[in-house]
Amino acid sequence: MTTPRVRLRPTMQSDLDFVVSIERDPENLPFITPWERVLHEGAIRFPDFRHFIIEAGPDLEAAGFLILIGCRSQHRSLELKRMVVQKKGQGIGRGALRLVKKIAFDDLGAHRLWLDVKHHNTRAQKLYFSEAFVLEGTLREAVLTEEGYVSMQVLSMLKHEYDQRRELMLELAA
């Protein structure tokens with residue numbers, strides 16, 4: 001499978017209808033906890049956040065979005081708060097994840113990049129594990145949904161692990 005051309009660009013106010021629409025798509029709702037539009041507006045403005053539109057394909061059309069939190073953390077521990085891709089199974093999520101790792105470690109100086117994922121989101125877990133994220137543990141029944149409490153898996157990657165992968169040419173070049 002070839003990976004499509006993917007890039008990240010900062011989200012603008014004019015992108016928020018798109019962001020909210022794919023976040024509320026019934027295909028995505030079981031796997032995320034959607035935000036109100038005002039939270040996305042704040043994330044665009046707040047310096048500790050990076051809110052990106054994922055663009056993909058030959059024409060670099062909007063294909064999803066992602067949010068990084070902790071960009072100014074004194075501990076240099078950044079959270080990949082959310083990544084939602086509109087069309088699954090086309091390599092867009094993998095491409096975006098590789099870009100956000102590069103941004104986190106190279107541009108923002110992260111020591112650690114972490115995320116949490118609902119325990120039943122096996123597609124996302126498969127992606128994260130294949131990209132060398134390490135399971136740190138389980139937050140048991142941490143999120144209340146309409147179906148009841150859901151457990152969350154916490155995964156992370158450290159800077160030296162990222163650097164080792166880059167030396168093996170498994171990551172984007174510096």
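So, how many bridges join strand 4 to strand 5, and do these strands run parallel or antiparallel? Three bridges join them, and the two strands run parallel. One thing to keep in mind as I go on: this is a predicted model.

Let me stay with strand 5 for a moment. Strand 5 covers residues 112-118, and five of its seven residues are buried, so call it mostly covered. If you want a spot to look at on screen, find Leu 78, which stands opposite Leu 113 in strand 5.

Now the other neighbour of strand 4. Strand 3 and strand 4 run antiparallel, with six bridges joining them. Here you can pick out Ile 69, which stands opposite Glu 79 in strand 4.

Okay, zoom out to the whole sheet. We have an open sheet of seven strands, and going across, the order is 1-2-3-4-5-7-6, with mixed pairing. Strand 1 and strand 6 are the edge strands, and each of them pairs on one side only. On average, neighbouring strands in this sheet are turned by 30° against each other, if you ignore direction.

What sits on that sheet? Helix 3 packs on it, touching strand 1, strand 2, strand 3, strand 4, strand 5 and strand 7. The direction of helix 3 makes about 55° with that of strand 1. Helix 4 packs on the sheet too, and touches strand 4, strand 5, strand 6 and strand 7. For helix 4, the angle with the direction of strand 5 is about 155°.

That brings me to the nonpolar cores. The largest one has 31 residues, and the members that touch the most others are Ile 54, Leu 66, Leu 68, Leu 80, Met 83 and Tyr 128. Several elements supply at least two residues each, among them strand 1, strand 2, strand 3, helix 4 and strand 7. And which helix gives the most to this core? Helix 3 does, with seven residues.

Take Leu 66 from that list. Leaving out residues up to four places away in sequence, Leu 66 touches Leu 8, Arg 50, His 51, Phe 52, Ile 54, Leu 80, Arg 82, Met 83, Ala 96 and Val 100. There is also a second, separate core of 13 residues, including Ile 22, Ile 32, Ala 43 and Val 84.

Ile 22 takes us to helix 1, residues 16-23. Six of the eight residues in helix 1 are buried, which makes the helix mostly covered. The buried ones are Leu 16, Phe 18, Val 19, Val 20, Ile 22 and Glu 23, so yes, there is a glutamate on that list. What covers those residues includes helix 2, strand 2, strand 3 and strand 4.

Back to Arg 50, which came up among the contacts of Leu 66. Arg 50 lies in strand 2. Why does Arg 50 count as partly exposed? Because its relative accessibility is 29%, and partly exposed runs between the 20% and 50% cut-offs. Again leaving out residues up to four places away in sequence, Arg 50 touches Leu 66, Ile 67, Leu 68, Cys 71 and Leu 108. For a sense of distance, Arg 50 and Met 169 are 119 residues apart in sequence and 26 Å apart in space, C-alpha to C-alpha.

Next, a helix pair. Helix 3, residues 92-107, packs against helix 5, residues 159-167, at an angle of about 115°, and their axes are 11 Å apart. The crossing is left-handed. Helix 3 brings Lys 101, Lys 102, Phe 105 and Asp 106 to the contact, while helix 5 brings Lys 159, Tyr 162, Arg 165 and Arg 166. By class, that contact has six charged residues, two nonpolar and no polar.

Last stop, two backbone details. Arg 76 has a phi near 55°, a positive value in a residue other than glycine. Arg 76 is in the loop between strand 3 and strand 4, and with a relative accessible area of 44%, it is partly exposed. Glu 141 also has a positive phi, near 45°, and again this is a residue other than glycine. Glu 141, though, is in strand 6, which is one of the edge strands. Is Glu 141 buried or exposed? Exposed, because its relative accessibility is 54% and the cut-off is over 50%.

That's my tour, thanks.

Technical notes. Residues numbered from 1 in each chain as written. Predicted model: local features only at pLDDT ≥ 70, side-chain atom pairs only at ≥ 80, totals over all residues. Heavy atoms only, no water. Axes fitted to C-alpha atoms, helices over the stretch in contact; angles between N-to-C directions. Helix = DSSP H or I, 4+ residues; strand = E, 2+ residues; numbered from the N terminus. Left-handed = near helix turned anticlockwise from the far one by under 90°. Contact = heavy atoms within 4.5 Å. Nonpolar A, V, L, I, M, F, W, Y, C, P; charged D, E, K, R; others polar. Core = buried A, V, L, I, M, F, W, Y, C linked by side-chain atoms within 4.5 Å. Buried < 20%, exposed > 50% of the residue type's maximum accessible area, 1.4 Å probe, protein only. Pairing = 2+ DSSP bridges.
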